[in-house]
Amino acid sequence: MFTPKPAGLARAPAARWRRAVLALWLGAMLALGLAGCGSLPKDVERPVSQALAEPTATPLGRLAAQRRPPSARERDSGFALIDSANMAYSSRLALTRQASRTLDIQYYAIHADASTAELLREVRAAAARGVRVRILLDDFHSTGQDALVMGMAFLPGVEMRMFNPLPGGRGAGMLRALGSLHDFQRMQHRMHNKLYIADNAWGITGGRNLGDAYFGTADGSNFIDMDVLAVGPVVQAMSASFDRYWNNPLAYPVQSLVTPAELRALRASVDGGANGAGAEPVQTNAAAARMAVDEAAPANGADKPPPALPAALELAQLPLIWASAALLVDEPSKLVPELNDAHTEDTVVDGMLSLLQQARADALIVSPYFVPGPRMMQVFAELRRRGVRLRVLTNSLASNDAPLAHVGYARYRKQLVHLGVELYEMRAQHSVHLDRTVFGSGAGGSKASLHSKMLIIDGRVISIGSMNLDLRSKLQNTEVALVIRSRTLSRQAAAELEDALDDSVWRLELTPEGRLLWRAPPGAEFDDAQDEPDASLGLRLILNILGPLAPDEML
């Protein structure tokens with residue numbers, strides 16, 4: 001039976017809401033007021049450097065030449081899918097240990113957690129034996145514990161730059177973002193590229209950042225992802241792309257943004273004083289950097305055993321598929337708002353649309369954040385009119401680590417299904433162990449989130465990279481992708497994807513009444529669903545409240 005509440009209690013939630021809104025507004029105004037006090041440094045020195053000019057003179061270069069079969073054409077490169085979390089770590093470890101001259105690392109995010117700490121120790125060892133290390137990192141997520149990775153910049157032999165940095169302190173990401181609201185457009189433009197290159201001879205690109213969730217060792221949710229290892233001429237194109245970003249005015253040396261003492265203080269605050277409040281003063285930059293790297297593991301996690309990480313990949317025995325390839329990469333100037341309009345019709349995402357339009361029979365799309373937009377919908381409609389089979393795998397609301405991105409995708413679902421697009425959504429729950437390989441995964445933990453970005457055309461051309469098929473990747477972020485013309489590699493990736501489509505994801509259908517139905521595969525251990533399967537009430541509210549309001553390009 002319904003019992004009316006006293007008027008005072010009924011008004012209390014509204015009063016709390018008003019106070020919360022007022023506090024948020026005051027905080028935003030304070031941050032904006034302080035924004036004028038924080039600015040990026042001027043007249044920063046950025047010594048120009050380039051990739052290794054003669055990679056063939058290195059052991060990795062000689063190994064690349066040895067691995068080239070007589071049947072390979074001059075411009076062909078060798079490739080191997082990195083289709084498990086174990087291989088994701090072991091391949092990067094192998095490149096790090098076998099590099100003899102240079103190591104170039106470019107990422108959107110490097111998380112200060114246990115697996116990354118182990119990998120960075122290997123990077124530090126490479127620098128100690130004389131390898132020139134360049135690390136280029138987008139600045140957006142380098143706050144709190146993750147800012148400790150910046151300590152690498154103070155090690156001998158290591159150079160580190162932050163791309164498109166935000167001014168302000170690094171203790172809390174939200175406060176720093178609020179302090180940059182006056183420059184909101186620039187704050188939205190991020191470097192999403194992902195490259196890991198050794199001696200300009202072997203390189204890795206794909207969807208993964210560096211962190212536990214990408215290497216299958218996170219306790220909770222892990223990412224299902226895909227990279228590709230490349231050897232041969234295309235690696236020189238990867239290095240040339242790295243150089244353009246490294247030498248760009250948007251790349252700021254870490255030393256111009258933060259000091260070793262500030263990083264040490266940040267570590268102490270992250271730990272709540274447990275690991276730093278009573279420490280002896282740091283005497284040298286290198287000592288501070290070593291502390292930052294050694295402590296770039298979960299704060300207050302001293303009792304947690306180190307992760308069980310795989311051994312380095314045996315590059316000499318790794319099966320390689322040799323084929324022609326091209327690197328698609330956005331120009332760094334895409335991130336400069338006043339120059340951005342000149343690049344909106346010549347982006348990596350535009351390259352993906354051009355590939356799609358070449359499809360004659362079949363196109364497989366994997367995009368974790370999938371917001372097609374009007375132009376892409378036109379391309380899909382034309383492909384369907386020509387009888388091309390279109391299959392799309394993306395995240396469900398429950399598996400999506402960025403629910404706001406799902407808001408933009410959800411408004412296109414019925415139209416996509418109506419066009420005849422075979423639309424699949426990832427299940428959030430899984431129980432795959434670390435040493436098993438599932439499509440792009442091998443992840444552990446109790447929850448999975450799709451993070452692979454891949455396109456396969458007619459079983460003959462495959463693209464793997466950092467790009468999502470959404471307007472953020474087209475308009476806001478810079479991206480990179482390898483396009484490889486290989487039936488063998490395309491079929492290998494398609495087979496793994498189709499295994500997942502057959503037994504472990506939802507397929508969306510329309511009921512006669514025009515409602516969405518999430519159909520489970522035949523014989524699956526889970527049932528059909530009629531409304532956002534496995535999603536909490538809070539996630540559904542986000543979808544329903546923000547769905548009509550948020551513009552596609554901001555999602």
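I looked up the handedness first: helix 3 passes helix 4 in a left-handed crossing (the near helix is turned anticlockwise from the far one by less than a right angle; clockwise would be right-handed). The model is predicted, with pLDDT of at least 70 needed for local features and 80 or more for side-chain atom pairs, while totals for chains, interfaces and linings use all residues. Residues are numbered from 1 along each chain as its sequence is written, and side-chain values use heavy atoms, without hydrogens and water.

Helix 3 covers residues 85–98 and helix 4 residues 114–128; I noted an angle of about 15° and axes 9 Å apart. That makes the two helices, helix 3 and helix 4, roughly parallel (angles under 35 degrees). On helix 3 the contact (heavy atoms within 4.5 Å) uses Tyr89, Arg92, Leu93, Thr96 and Arg97. Helix 4 supplies Ser115, Glu118, Leu119, Glu122, Val123 and Ala126. I sorted the residues of this contact into five nonpolar, two polar and four charged.

Next I checked helix 13 (residues 403–410) against helix 17 (residues 537–546): the angle is about 50°, with the axes 9 Å apart. Helix 13 passes helix 17 in a right-handed crossing. I listed Pro403, Leu404, His406, Val407 and Ala410 from helix 13, and Leu539, Ile542, Leu543 and Leu546 from helix 17, as making the contact. By class, I found eight nonpolar, one polar and no charged residues there.

Last, I looked up the cores. The largest nonpolar core (buried residues, under 20% relative accessible area with a 1.4 Å probe, joined through side-chain atoms within 4.5 Å) has 56 residues. Helix 3 gives the largest share of this core, six residues. A second, separate core has 45 residues, including Trp246 and Ile321.

Definitions and conventions. Axes fitted to C-alpha atoms, helices over the stretch in contact; angles between N-to-C directions. Parallel < 35°, antiparallel > 145°, perpendicular 65-115°, else oblique. Nonpolar A, V, L, I, M, F, W, Y, C, P; charged D, E, K, R; others polar. Buried < 20%, exposed > 50% of the residue type's maximum accessible area, 1.4 Å probe, protein only.
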